[in-house]
Amino acid sequence: MALTKLNNKSVANVSTLPVALGDMIFISSATASVSASIEFTLGDYKEYQFYFINMHPDAVRFFKFNFSTDSGSTYSVSKTTTFFKASHYESGASYEFGYEAGYDLANSTADQTLTEGTVTNDNDASLSGSMHIFNPSSDTYVKHFMANINQLGSPAGRKTFNNYIAGYANTTSALTNIKFVMTSGTIDEGTILMYGIV
């Protein structure tokens with residue numbers, strides 16, 4: 001296999017690449033203010049990326065999402081998912097790494113949890129992370145997604161969780177919308193950024 005050379009010796013000076021790269025296009029953002037949910041419309045981009053910045057719940061909550069295939073009338077798309085996490089207490093008392101069977105879905109229409117345990121509503125607490133959705137407008141294949149979320153949780157003392165969630169929406173219908181919610185109550189603060197990859 002031949003290696004491709006860049007046209008400059010320093011990466012900082014690269015002006016062209018010998019391959020085409022997808023452009024990352026900013027689409028929209030939403031900032032929560034005691035919001036019951038945050039919803040986005042999906043379109044024809046081959047990939048969507050979402051960035052969650054300091055999402056803060058009104059009380060101790062789980063952060064979740066679901067898809068729609070009918071322009072947001074219902075959010076109940078069947079999903080099959082996996083969920084694993086690493087965690088560590090502030091006190092250093094214990095740490096964990098492992099699969100979380102209680103947060104995965106097996107062809108279920110339920111909301112998919114993005115946080116292990118609950119996100120605390122301490123004044124300095126929040127969650128941040130990212131999510132990727134691949135080719136949601138396909139009318140041929142299931143729709144794959146993956147997310148990485150870091151949160152400050154408090155099941156029994158303040159603790160960091162780094163959560164990895166992946167799976168697919170088990171439908172060949174186009175996904176038209178996505179909705180992010182807390183288990184109940186509101187998203188008091190936080191911003192979600194949405195990008196499309198050409």
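Student: What percentage of the 198 residues of the chain count as buried?

Tutor: This is a predicted model, in which local features need pLDDT of at least 70, side-chain atom pairs count only at pLDDT 80 or more, and totals for chains, interfaces and linings use all residues. Residues are numbered from 1 along each chain as its sequence is written, and side-chain values use heavy atoms, with hydrogens and water left out. Buried means under 20% relative accessible area, exposed over 50%, and partly exposed in between (1.4 Å probe, protein chains only). Of the 198 residues, the buried share is 41%.

Student: How many helices and how many strands does the chain have?

Tutor: Both are DSSP runs numbered from the N terminus, helices being H or I with at least four residues and strands E with at least two. From the N terminus on, every element in the order is a β element. The count is therefore zero helices and 12 strands.

Student: Which strand supplies the largest share of the largest nonpolar core?

Tutor: Such a core is a set of buried Ala, Val, Leu, Ile, Met, Phe, Trp, Tyr and Cys residues joined through side-chain atoms within 4.5 Å. Here it has 32 residues, and Phe50, Phe52, Phe67, Met131, Ile178 and Phe180 touch the most other members. Strands that each supply at least two residues include β2 (37–41), β3 (47–57), β4 (63–68) and β12 (187–197). The largest share, four residues, comes from β3.

Student: Of the contacts in the chain between residues at least 6 apart in sequence, what percentage join residues at least 24 apart?

Tutor: A contact means heavy atoms within 4.5 Å. Phe67, for example, touches Met131, Phe145 and Ile178, among others. For the chain, the share joining residues at least 24 apart is 74%.

Student: Is the pair of Tyr45 and Tyr48 stacked or edge-to-face?

Tutor: Rings of Phe, Tyr and Trp (its six-membered ring) pair if their centres lie within 6.5 Å; planes under 30 degrees apart count as stacked, over 60 as edge-to-face and the rest as tilted. By this rule there are 17 aromatic pairs. Since the centres of Tyr45 and Tyr48 are 5.5 Å apart and the planes stand at 85°, this pair is edge-to-face.

Student: Which of Tyr45 and Tyr48 is buried?

Tutor: Tyr45 has 26% relative accessibility, so Tyr45 counts as partly exposed. At 2%, the buried residue is Tyr48.

Student: How many residues apart are Phe62 and Tyr103?

Tutor: Their rings form a tilted pair, 5.9 Å centre to centre with 50° between the planes. Phe62 is partly exposed at 22%, whereas Tyr103 is buried at 19%. Phe62 lies in the loop between β3 and β4, and Tyr103 in the loop between β6 (95–99) and β7 (112–113), a sequence separation of 41 residues.

Technical notes
Lists of a residue's contacts leave out its neighbours within four places in sequence.
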